[in-house]
Amino acid sequence: MESFSFEHTFKFDEELYVQLNSLFAKKSKTVRLSLVAIAGIACLFWAYSLLLGIIILILVTVSLFLPSFLPATAASNYRKMDYLHNDLTYGVNEQKLWVIGKDFNVEIGWQHAAVWDVREGWLKISANNTPVLWFEIEKLKEAAIYDKVIELCKKHAIRFNSFKKKA
C-alpha cells in the first residue's frame with residue numbers, strides 16, 4: 001500500500017457527539033417517535049385502548065426528554081469525558097492511528113482496531129481501551145485517502161452491526 005499520512009483537529013460539542021453516538025440516525029429517530037406518537041393518539045379514540053394510548057404517549061414524552069439525564073447515554077458520557085471538551089487531533093497513516101489531546105497522546109497500530117462505522121459523514125474507528133477516533137469523510141476524500149483508510153478498516157476491524165467476526 002502506498003504511504004500516506006493524514007491529521008485533522010476537531011472539537012466536539014455535545015449535540016454533535018450525541019448525534020454521532022446515538023444508535024439510530026436523527027432522522028429515523030424522529031420518524032419512529034412520530035409514528036409511535038400517532039399510534040398512541042389513535043389508541044385514545046377507542047375505549048379499550050385508551051390506557052395503552054396514554055402509556056404510549058407518556059413513553060414518547062419520556063424518550064424525548066429523559067435521555068440527556070440518564071447516566072449511560074451519549075450526553076452524560078460527553079459531560080464526563082473532559083478530553084472531548086478540548087481540541088483533539090486525530091491522525092491516520094498506513095501503519096497506525098492516533099489521537100492527541102491537551103494532556104495525552106495515544107497511538108495504536110492498525111492491528112488493534114476493533115470496530116469501524118460510517119455515520120452522518122464521519123468515519124468512526126474504535127480500539128479497545130482507547131478514545132474513539134473520528135475522521136470527517138469529506139476531508140479524507142479531499143486528501144484522496146478515504147478508500148485506503150476504508151480498506152485498512154475492512155482488513156483490521158469489523159464493521160459495526162455486521163455479523164462478521166474479526167480474524
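Which side chains meet in a salt bridge at 3.3 Å, N to O? The side chains of Lys-96 and Glu-107 do, and this pair appears in the second of the close-up views below. The model is predicted, so that local features need pLDDT of at least 70 and side-chain atom pairs count only at pLDDT 80 or more, while totals for chains, interfaces and linings use all residues. Residues are numbered from 1 along each chain as its sequence is written, and side-chain values use heavy atoms, with hydrogens and water left out.

**View 1. An open sheet of four strands with antiparallel pairing.** The strands have the order 1-2-3-4, and the edge strands, each pairing on one side only, are strand 1 (5-10) and strand 4 (105-109). Strands (E, at least two residues) and helices (H or I, at least four) are DSSP runs numbered from the N terminus, and two strands pair if DSSP finds at least two bridges between them. Strand 3 (residues 96-100) runs antiparallel to strand 4 and is joined to it by five bridges, with Asn-105 of strand 4 as the bridge partner of Ile-100.

**View 2. The salt bridge between Lys-96 and Glu-107.** A salt bridge is a side-chain nitrogen of Lys or Arg within 4 Å of a carboxyl oxygen of Asp or Glu. Lys-96 lies in strand 3 and Glu-107 in strand 4, so the pair ties together parts that are eleven residues apart in sequence. Lys-96 is partly exposed at a relative accessible area of 26%, and Glu-107 is also partly exposed, at 47%; buried means under 20% relative accessible area, exposed over 50%, and partly exposed in between (1.4 Å probe, protein chains only).

**View 3. The salt bridge between Arg-79 and Glu-14.** The side chains meet at 2.9 Å, N to O. Because Arg-79 lies in helix 4 (residues 74-80) and Glu-14 in helix 1 (residues 14-21), the pair ties together parts that are 65 residues apart in sequence.

**View 4. The buried residues of helix 6 (residues 146-156).** These residues are Tyr-146, Val-149, Ile-150, Leu-152, Cys-153 and His-156; seen down the helix axis they fall within an arc of 160 degrees, so they line one face of the helix. The arc is that of the directions from the helix axis to the C-beta atoms. The face turned away from the buried side of helix 6 carries the exposed residues Asp-147 and Lys-155.
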